[in-house]
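Let's walk through this one together, starting with the broad layout and then zooming in on a handful of cysteines.

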Amino acid sequence: MSDLRNVSSSPHIRAKFTSSNIMLMVLIALLPASAFGVYNFGLKALLIIIISMATCVLTEYFYEYFMKKPITIGDYSAAVTGLLLALNLPSSVPLWIPVIGGIFAILVVKQVFGGLGQNFMNPALGARCFLLISFTGRMTNFTYDTVTGATPLAVLKSGESVNTWKMFLGTIQGTIGETSVVAIMIGAILLLAIGVINVTIPAYYILSFAVFIIMFGGKGFDIDFVLAHLCGGGLMLGAWFMATDYATSPITQKGRIVYGIILGILTGLFRLFGGSAEGVSYAIIFSNLLVPLIERVTLPTAFGKEKKKA
Amino acid sequence: MGAFTFKGGLHPYDGKDLSKDRPIKTVLPKGELIYPLSQHIGAPAVPVVAKGDRVLKGQKIAEAAGFVSANIHSSVSGTVKAIEPRLTVTGATINSIIIENDGEYEEIEYQKVKSLDQLSKDEIRNLIKEAGIVGMGGAGFPTHVKLMPKDDKAIDYVIANCAECEPYLTSDYRRMLEEPEKIVSGLKVILKLFDNAKGILAVEDNKPDCIEKLNQIVQKEDRIEVVSLKTKYPQGAERQLIYASTGRAINSSMLPADAGCVVNNVDTITAIYMAVCEGKPLMHRIVTVTGNAIKNPQNFLVATGTNYHELIDEAGGFTEEPAKIISGGPMMGFAIYDLDVPTTKTSSALLCLTNDDVAELAPSACINCGKCVEVCPGRIIPSRLADFAERHDEASFEKYDGMECCACGCCSFICPAKRQLTQSIKSMRLLVLANKKKK
């Protein structure tokens, strides 16, 4: 027994993908939407993005430093939260808004509940809804080309028609990152291709939402109306980048289907019958709260046990 | 017929190119050979030789102690040097018979064999039992017990596990290429025991040359068929293999026989052929010595009891100091801290890697990504079960079907947070089983 070698329990090999790789991929996938936001709304948007990300990363660092926990900013998850928060803000907000939002997202929604993977709702959306309730005026002041105006969804809600093509491209009012369906989809396809996200949640979300709009939108199968709803507001950003957040979505395939359908119905309810034109953020954080229940009723059946339970 | 695949699983780097084109080479053991008395599941065998005795190759040196146990035979001729505890691959120190090899390889006179048609079922089972054959894929369950299900007539399929889904392993592959007749003949022996059964040679489709070879041989056999399965780890896991080749699903509390199946590994079937058709006990097995730290990766025909050091030397030694040495494959094998251990009936490979992923990648918090759920062939939730295990929550562990884990290692492999999921679940499973036994 001259040379004792490393031992460990099997398996002895590991896949290359790590948590920080995944977060980095999400950051990269959000680049097109972010770049388009800066192009659309000017350098102020870039400033908001930088402030929001810096706030989130620093909040996580200082919290962990003072709580004497291992510093986890290297896993990029705080940076992702910061970027998502910024993309959910209008470009007209004062610069202290992303600071407050970032601190709330990391401190209250994420760290207090145990940090990465333990948060009960999406930190960025939690912070957005907190800001919406606290600073409603500032958070719903949408400017585009220096003109303040209603978002296409608000226009749609008041019964007028909108330019769907512009909504698809993204040259409209809205929050920094939500306007361009094209830019969001480029990132989403990248994440799908490398297996970071799974198509289940967005697919069931978007489909069930479309069905809800057709059934209860009051316009029947009006393709322009349905498309406007699909391209409008935060649906695409929410469906592809926030509903798919690992920590706050169900872990099983069946659970993901149920979760997607609930999201679609809630978003439809909030948009058609709610007080505001937008409903994605509230639908997602509300569904986040339902995840433990969804998981309880969608427990998978172990291999070879199918017949026994039936 | 099955679906040729199963839900879950993954495709790790398979590393088979290192050794797949190296023909089987016989290694003549030097020095002392070590025969642990427990190389199988069940009661340890009882020595029938004493210190100082001269033994011949093929001579029984330890006898099965009970029904679930297995005989052990000497693979060389020489003198019994000692019977004392020695270190084995699992890290356990087990009472072993140590034989000093005299290099003569003088064999006992083997029993005359009858042709298969003249043998009765009981005679066949007895020959297999006498030969000390155990499941050589890794489990080491005594084969004669496996071949004695409650009802012979209820067995519909005898499956030869030719999947070899573990990365790096090429011993079954070489056996199929070089001695396919022995495998088919061995399968015919088992089929003789089960009148209603069909024989299936289940091969993964990354071995088209084996499939072709086997197909040529079984052309005339109306009871045997080659089934090509989709390549995916763990295709060779018993329950996944049965499902993929027959469409029948069993859970952890059932035996393959409950689904009308009997499954045996390639090397085991070859050993059955040797025992019944040539009258020779189990004394050799094929071991793949491979990994990026090995100079000349090879497939060796090794006498059981041979020291692992000798296998490394035969393969040209190390190119650089390995960070980790594994007995078996990288997904389910045992990491060994000392090379000074013997080859046993269940040693399928000796894998030497220059990097140790487990030591290099520190576990971090679970991000709930669900990748472990996607790859789990048992369709359970590894991340949650590992949580229960870490909290010693036995009730929840069982409620969430933790006992269904087959320890294939897929969850730990895929986990981006590098959590030791398999390890936690495996230990908890053993704990629950142990507690059940106490009651």
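Domain bounds here come from an automatic or database domain assignment. Keep in mind as well that the model is predicted. For chain B, that assignment gives domain 1 (120-277) and domain 2 (371-438). Taken over C-alpha atoms, the centres of domain 1 of chain B and domain 2 of chain B are separated by 28 Å. The two do touch: seven residues from domain 1 of chain B and six residues from domain 2 of chain B take part in the contact. On the domain 1 side of chain B, the touching residues split into three nonpolar, three polar and one charged.

Now for the cysteines. In an unreviewed entry, UniProt lists B:Cys376, B:Cys405, B:Cys408 and B:Cys411 under "binding site". They span 36 residues in sequence, but no two of their C-alpha atoms are more than 10.5 Å apart, so they gather at one spot.

Take B:Cys376, which sits in the loop between helix H10 (371-375) and helix H11 (382-390) of chain B. It has 28 C-beta neighbours inside 10 Å, so B:Cys376 counts as buried. Leaving aside residues up to four places away in sequence, B:Cys376 touches B:Gly8, B:Pro382, B:Cys410 and B:Cys411; B:Cys411 is itself one of the listed positions.

B:Cys405 is in a loop too, the one between helix H12 (394-399) and helix H13 (410-414) of chain B. With 25 C-beta neighbours inside 10 Å, B:Cys405 is also classed as buried. Again not counting residues up to four places away in sequence, B:Cys405 has contacts with B:Gly378, B:Ile380, B:Ile425, B:Lys426 and B:Arg429.

Conventions:
Residues numbered from 1 in each chain as written. Chains lettered and ligands numbered in written order. Predicted model: local features only at pLDDT ≥ 70, side-chain atom pairs only at ≥ 80, totals over all residues. UniProt positions renumbered as here; feature names shortened; annotations may be inferred. Helix = DSSP H or I, 4+ residues; strand = E, 2+ residues; numbered from the N terminus. Buried ≥ 20, exposed ≤ 12 C-beta atoms within 10 Å, placed from the backbone. Nonpolar A, V, L, I, M, F, W, Y, C, P; charged D, E, K, R; others polar.
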